[in-house]
Amino acid sequence: MGLGGPWAWLLGLPTAMVYGSLALFISVLHNVFLLYYVDTFVSVYKINKAAFWVGETVFLLWNSLNDPLFGWLSDRQFLSSQPRLCEEEELLLGGEETGSITLGQYLRQLARHRNFLWFVGMDLVQVFHCHFNSNFFPLFLEHLLSDHISLSTGSFLLGISYVAPHLNNLYFLPLCRRWGVYAVVRGLFLLKLGLSLLMLCAGPDRPGLLCLFIASNRVFTEGTCKLLTLVVTDLVDEDLVLNHRKQAASALLFGMVALVTKPGQTFAPLLGTWLLCFYTGHDLFQQPALTPVGSAQPWPEPPAPPPPQAPTLRQGCFYLLVLVPITCALLQLFTWSQFTLYGRRLHAVKAQRQNLSRAQTLDIKMV
C-alpha cells in the first residue's frame, strides 16, 4: 500500500537522502543518550550505585551479544570451509562445498586469526575511550571550565565535538587512500599521546588550552572510531582467504568484533566513576551534582563559595582527563604495532580475494 495525500511526496525522495536522514536521526538519539544518561540517572533520578551497576551489566550482556547473534543468523548459510583440492577432486565434486562448519569451529578459526585478535584488543580500548569522553564531557566542563566560559561556549564545545569528527573524515579518507588506514590510525594515536602529554605539562590553569584539548580529544577519538570500520572490511577479506570460504562471513565477523569491543561502552562509566571516587573521594552516587552544562540555567552569578573538596575534585577531574588518553594511547600503540594487515600483506590478501572471486565466477559459468 502506497502513501497518499500529503505524504505522497516522500515516495519521490532519493534513496541516499532517506538513508542519510535515518542515519542522522539515529546518531542524534544515540549521542544524546551517551552524553547525558550517566548524569540523568545519577543526578535526576538519583539511583543508587548497585542499581546503576546492575543496569550497566544488563546493557553489557545485550549490547555485546545482539550483533554476533544477528550476524550468525545472517551468515550461517554462507559459512563453509573450502580446503584447497587438487584438480581431479574439484572435478569430481563439481565445485560443491566440502562441508559447513559449526559456530564452535568458526570460533576456533577466529581464535587463530592473529590480526583479528590484535585488532579487537586495540578497538576495545578505542570504544572505551570514545564513550569515556562522551560520558564525562559535561563533568569536565563543569569542574574545569565553568568559572572561565559561558553557557553558550560550553554548548558550542559540546556541539562541535559531535559535528567535527564527520567533517574530519572528509580529510582523513584522502589520507587513507594515499598513506593507508594503518598509518593514519597510528598517526592519530601518536597525536592523542602528544596532546595529552602537552596538556599534562601545562596543568589545569590554562582555560584556553583546556577548551582546545577537551574538544580535540573527543574529535580525534571519534574520528578514529569511524576509520576503524575500514579495517574490519580488510579483516573480512583476510578471514575469507585464510579459511578458503566460499563466501565472506562479513556480518558475523562484524558481530564478533562488537562482541569483544562493545563491553568498552559499559566499562567507561563504571571505571570512570570508580577512578574519580578512588582518587578524590567524590562519589557521584552520594553527593549532589552541580548544574550540568547542557541545562537551560546560566552559570550561577555570583558563584557560590566552593566546598572544601572542590580543589581536590577539580584536580582529580584534570588528571582523569589527561591520564586516561595517555594510557589508552600507549596500549593502542603497542597492540597496533602487532597488527600486520597493511602494506604488502594487505595487497596480497586483496589479490587472493580477487582470484577467489574470479574462480567462483568461472565455476558458476562452467556449471
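Which residues line the second largest cavity? The legends below take up this point after an overview of the predicted model.

**Figure 1. Overview of the predicted model, a protein of 12 helices and zero strands.** Read from the N terminus on, the elements run α-α-α-α-α-α-α-α-α-α-α-α. The protein has 367 residues, of which 41% count as buried. Among the contacts with a separation of 6 or more, 84% are made by residues 24 or more positions apart.

**Figure 2. Close-up of helix 5, which covers residues 114–145.** Helix 5 is mostly covered, as 27 of its 32 residues are buried. A kink of about 50° lies at phenylalanine 136 in this helix, shortly before the proline at position 138. Because each residue should add 1.5 Å, the 32 residues of helix 5 are expected to span 46 Å, and the 44 Å that separates the C-alpha atoms at its ends agrees with this expectation.

**Figure 3. Close-up of the largest cavity, one of two cavities of 30 Å³ or more in the structure.** The space in this largest cavity comes to about 40 Å³. Its lining consists of Lys192, Leu195, Ser196, Phe213, Ser216, Asn217, Phe220 and Thr221. Helix 7, residues 181–202, and helix 8, residues 207–242, each supply at least two residues of that lining, and helix 8 gives the most, with five residues. Sorted by class, the lining of the largest cavity holds three nonpolar residues, four polar residues and one charged residue.

**Figure 4. Close-up of the second largest cavity, with a volume of about 30 Å³.** The residues that line the second largest cavity are Gln126, Leu188, Phe189, Lys192, Phe220, Thr221 and Thr224, which answers the opening question. Helix 7 and helix 8 are the elements that give two or more residues to this lining. By class, the lining of the second largest cavity divides into three nonpolar residues, three polar residues and one charged residue.

**Figure 5. Close-up of Lys192, Phe220 and Thr221, which appear in the linings of both the largest cavity and the second largest cavity.** In the largest cavity, the lining residues that accompany these three include Leu195, Ser196 and Phe213, whereas in the second largest cavity they include Gln126, Leu188 and Thr224. Helix 7 and helix 8 each supply at least two residues to the lining of the largest cavity, and these helices likewise give two or more residues to the lining of the second largest cavity.

Terms used
Residues numbered from 1 in each chain as written. Predicted model: local features only at pLDDT ≥ 70, side-chain atom pairs only at ≥ 80, totals over all residues. Heavy atoms only, no water. Helix = DSSP H or I, 4+ residues; strand = E, 2+ residues; numbered from the N terminus. Expected span 1.5 Å × (residues − 1). Bend = angle between axes of the 7 residues up to and from the residue. Buried < 20%, exposed > 50% of the residue type's maximum accessible area, 1.4 Å probe, protein only. 1 Å grid on protein atoms, 1.4 Å probe; cavity = no way out; pocket = protein on both sides within 12 Å on 5 of 7 lines; lining within 4 Å. Points joined across faces, edges and corners; volume = space filled by probe spheres on them. Nonpolar A, V, L, I, M, F, W, Y, C, P; charged D, E, K, R; others polar. Contact = heavy atoms within 4.5 Å.
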